[in-house]
Amino acid sequence: MRVLDRGRLKTNRTHSAVIEISGAGPAGLSAALAVVKAGARARVYERKSDVGHRFHGDFQGLENWTTETDVLQELHQLGVKTDFEVTPFSEVVCFGPGGGERRVRSTEPLFYLLRRGPDSGTLDQCLKQQALVAGVEIRFNESVARLPQGGVVTAGPHRADAVAVGYLFGTDRADAAYAAISDQLAPGGYAYLLISGGRATLATCLFRDFHRERVYLQRCVEFFSDRVGIRLDAPRRFGGSGNFGLPKALSKGGILYAGEAAGIQDPLFGFGIRSALLSGAAAGRALAERSPGAYTAFYRRRLRGYHKSAACNRWFYGRLGDAGYRKLLMRYPAEADIRKRMRRAYAPRRWKQLWYDLYLSRHYPSVLELHAGCDCTWCRCQRQSNRE
Ligand SMILES: Cc1cc2nc3c(=O)[nH]c(=O)nc-3n(C[C@H](O)[C@H](O)[C@H](O)COP(=O)(O)OP(=O)(O)OC[C@H]3O[C@@H](n4cnc5c(N)ncnc54)[C@H](O)[C@@H]3O)c2cc1C
């Protein structure tokens, strides 16, 4: 269809049909917002009765270290309003194996703390409200296995490569962020305690030995109680898993895959929200503008280098062990700006791209064996994704 626009003839390439999206997580809702922004209509299918049911009100960090540009500014440019509860954090107290302590700081926020889940004020609820106001149709309680007319699949992780288990509780402690790296607390991963506005999230994020999650979680409770002096009043337990596999095809037969459904995740530490929002928006915009190739081009230009770099970092980090973590932490200069250091660590580098292409892409760890009858978070998540 040709339309007259500001005195010039232009081809209107916007999609006239409804663009369908499966999954109302950050990737799906940002895809829907981008579709509407591009002048098309969006319909999102969500298998649960509301958004955010994968989460439990736990704090998560929206990373602000991979680029010089502030992440909130980047989201504004995408048309995503940051009207969810966010608290900027520029300081983290890090504990190494054996309890050595380093306070790391940045001049600009290192990350923004937000909450996830179906409650009000969470990222998930605020994105839902924005989408509804923009005219997006969301169909809850509809699980979609196929999108025969094409669309965007943003259905979250399809395998569990790492798990996080923890507790949510109230506290009268001041806002603060603590991290601990030790294989005694979180093999291959890290433990964290995040406090904001009288709420706290304490968790261990495991990349190995998932079946002993209870042991590690109990150790983390003892560790943070001892080092930080917190008391867990009426704690609520939570857990979840993440997909750290490498992205494969981002598009297949008229379908674009975005967010964790595409394996777009931070393989080093699991900070996947930003890339879910970015990839979802790019996929939605590409379909709305009838230019699906623009999505793959966007991934290559904006996300692929970071993903490969983080995957290489994961490979090395997973081999450090307690002696390596101790060196890493204690050699860290106290006056350094951690945001700049992190940006450097995640920056796409030629040798990392080569390492990824020649070695990692062929030798990336595959999923582990399921334990019959086991009720750990990893086995439950893995069984669930095998059923879907
Ligand atoms: C415990 C935990 C802590 C985390 N902490 C952080 C953190 O601090 N910082 C960070 O950046 N990231 C963190 N992450 C990762 C981050 O939450 C994810 O990367 C992000 O939510 C991915 O968004 P998504 O939209 O791709 O998928 P999801 O958020 O999983 O959304 C997918 C949606 O699709 C729905 N769905 C699934 N199948 C279907 C279907 N067949 N039909 C219809 N709907 C379907 C699901 O119900 C869900 O609502 C954490 C993850 C976990 C588990």
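**Exercise 1.** Determine which residue with a positive phi follows helix 5, and establish how the span and burial of helix 5 are described.

*Solution.* Helix 5 is followed by R290, whose phi is positive, near 55°; helices here are DSSP runs of H or I with at least four residues, strands are runs of E with at least two, and both are numbered from the N terminus. This is a predicted model, in which local features need pLDDT of at least 70 and side-chain atom pairs count only at pLDDT 80 or more, while totals for chains, interfaces and linings use all residues. Residues are numbered from 1 along each chain as its sequence is written. Next, take the span: the 16 residues of helix 5 reach 22 Å from first to last C-alpha, close to the 22 Å expected at 1.5 Å a residue, where the expectation is 1.5 Å times one less than the number of residues. Finally, 16 of the 16 residues are buried, so helix 5 is largely enclosed by the rest of the structure; buried means that 20 or more other C-beta atoms, placed from the backbone, lie within 10 Å of the residue's own.

**Exercise 2.** Describe the burial of helix 1 and find what its buried residues pack against.

*Solution.* Of the 12 residues of helix 1, 11 are buried, among them P26, G28, L33 and V36. These buried residues pack against several elements, including strand 3 (18-22), helix 3 (123-133) and helix 5 (273-288). Just after helix 1, G39 takes a positive phi of about 95°.

**Exercise 3.** State the mean pLDDT of the protein.

*Solution.* The mean pLDDT, the predictor's confidence in each residue from 0 to 100, is 90, and 91% of residues reach 70 or more.

Definitions and conventions:
Two residues are in contact if their C-beta atoms, placed from the backbone, lie within 7 Å.
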